[in-house]
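Trainee: I've got a model open and I'd like to practise reading it. Can we go through it together?

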Amino acid sequence: MNLHDPRVPNVQPRTGTRRVPPTGIVARVSAIAIHAHALSKRFGDLIAVDAISFDVKKGESFGFLGPNGAGKTSTMRMIGATSPISGGELIVLGLNPDTDGPTLRSQLGVVPQENNLDEELTVHDNLMMYGRYFDMSRAEIRERIDELLDFVQLTEKRDSKIQALSGGMKRRVVIARGLINDPDLFILDEPTTGLDPQARHVLWDRLYRLKQRGVTLIITTHYMDEAEQLCDRVVVMDKGRIVAEGSPRALIDEYAPGEVVELRFPIGVLEEIGGQIQDLASRTEVLADRALVYTGDAEQTINTIRESSLEPETVLARRSTLEDVFLRLTGRSLVE
Amino acid sequence: MATPLSLRVVEAEARVYRRTWRGSVASSFLNPVLYMLAMGLGLGALVDANMPGGIDGVSYLTFLAPGILAANAMQTGATEGAWKVMGGIFWAKTWHARLASPISIEGLVLGHLLWSTGRVVMVSVIFAVVIAAFQVAPLFESLLAVGPAVLLGAAMVSATTAFTVRLKEQAGLPMFFRFVVLPMFLFSGAFFPISQLPNWLQPVALITPVYHGVELARSIVIGAPPAVTWWISTAYLAAWIVGFGLLCVKPLRKRLMP
């Protein structure tokens, strides 16, 4: 990947709707970046990942969605060859992570949940040190550092210590570090958790560029907007299982079509009027702090509410999101 | 083909060390100078006045110098083995980051042991130069005594690392220094012959690595044969290095590659 190649097209054609052939056949076909079949991870009695199957195509941007404890990170670590699989089959870039760990890791880029940079060293030294782990020459790494710092917009921070950087900047250093070896597969575990909205948008922009350049991205997140922005395809995980799979749009169309009217009521009121809300539409959700009404026509629903005896404090109409998909699939809210 | 990746770990540690090397080297000089002055000359004058024949036939300063050289190497080994590992797996978690690269657990452990032993070499060579400057022994013999001191230091690097990677809580480490490292430093023959210890404690001193390192270093400086045949002590220390080194791998894998 040349980050400065002007010939790189702005838009990469996608084949998002084409289904991957059944498992087993495609494992070693070069168009497949990751093949997992009945993949499991157990820690003692705890089943963190429960026989999940999926395929990721090369060049695809693939998301794992789910709340904390859904098994996303365990799956990432198995793909990244830093955690042995407990059962099933997993092939990453044509290699077996359990037996070809070092070879596989030399072709991966990883952005872990925690930054784990050396805080007392400079940005340059962190990147140089990491490049050396991949047995690259110093000259090669120096060139790469210039390129990457330009890419993550941190050129002027080259000689700053990590501890002097903001959270968003540290995250970008970790992204640059993950790209030092020009990986074929880039694994990001909650890349923007804990960042402010502006820092998140900067990161999304950089990741979007990587995606356009054909790097295969694997992203875990519990932010729905992040998945909608970045992922061609997502799987929704809950309690170690995959509960849905598809493009963000397709999932919304299937599980939460149309629009959502969000109603907020004074504390204590919701319990009493839950039944009344259920009569508003064929699908409603009464949560702790608000009620959601799924509808094909928000305007009409709002009119109906106005004419009823309901007296919500606020009424908000919006398009449904992956958050609503998750709620529909699990009956629980995603963040919190 | 490629340089073994454990050497890349050594290189990385050297890069980290480069940030603080001046202070580190300065204290490596100051430390033995203070010991020589306070214990060797100050306390030594009293000891020598009470022991006309000297200890083992030499002045207290001469008795003490190779002993502290070795005991200091032991402390350095313990310090490196402890806090580097703590930072790598508990605090900055830089060891997690390393393992996302092609480096294996074995390479990581080996690199860590090599670098830490390198630190013991640095500290001990400086110590030997100070000993020679105090005219306790010729420079050549002082430097020869660095050999067993480093062996002892490396044994402690392995043992402390094997201990630290098993820790569930960080609080275990200060306890380790207070109840294992410090007593070994004080009671394993560096400051006084272990024959001064109560009878029941002498066998305990005998199984510490410090005793063997101290005896070997002292025999080189004094020019008398050690209490335990040199190759037994050497083999004993080597067994610590290899044995505890191997014992680092499994718990570290369990912790970092669960």
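Trainee: Among contacts in chain B between residues at least 6 apart in sequence, what percentage join residues at least 24 apart?

Mentor: Keep in mind that this is a predicted model. Two residues count as touching here if their C-beta atoms, placed from the backbone, lie within 7 Å. Take such pairs in chain B that are at least 6 apart in sequence, and the share joining residues at least 24 apart is 78%.

Trainee: Okay, and how many helices and strands are there in chain B?

Mentor: Walk along chain B from the N terminus and the elements read α-α-α-α-α-α-α-α-α-α. So what you should write down for chain B, going by how runs are assigned, is 10 helices and zero strands.

Trainee: Why is chain B called as compact as a globular protein of that length?

Mentor: The C-alpha atoms of chain B fill a box of roughly 65 × 40 × 35 Å along the principal axes, and 47% of its 258 residues are buried. For the compactness itself, look at the globule rule, which gives 18 Å for 258 residues. Chain B gets that label because its radius of gyration is close to this, at 19 Å.

Trainee: Now the contact between the chains: which element gives the largest share of the side of chain A that touches chain B?

Mentor: The contact takes 22 residues from chain A and 23 residues from chain B. On the chain A side, the elements giving two or more residues are α2 (101-105) and α3 (123-133) of chain A. The largest share there is five residues, and they come from α3(A).

Conventions: Residues are numbered from 1 along each chain as its sequence is written. Chains are lettered from A and ligands numbered from 1 in the order in which they are written. This is a predicted model: local features need pLDDT of at least 70, side-chain atom pairs count only at pLDDT 80 or more; totals for chains, interfaces and linings use all residues. Helices (H or I, at least four residues) and strands (E, at least two) are DSSP runs, numbered from the N terminus. The radius of gyration is taken over C-alpha atoms; the globule rule is 2.2 Å times the number of residues to the power 0.38. A residue is buried if 20 or more other C-beta atoms lie within 10 Å of its own, exposed if 12 or fewer, and partly exposed in between; C-beta atoms are placed from the backbone.
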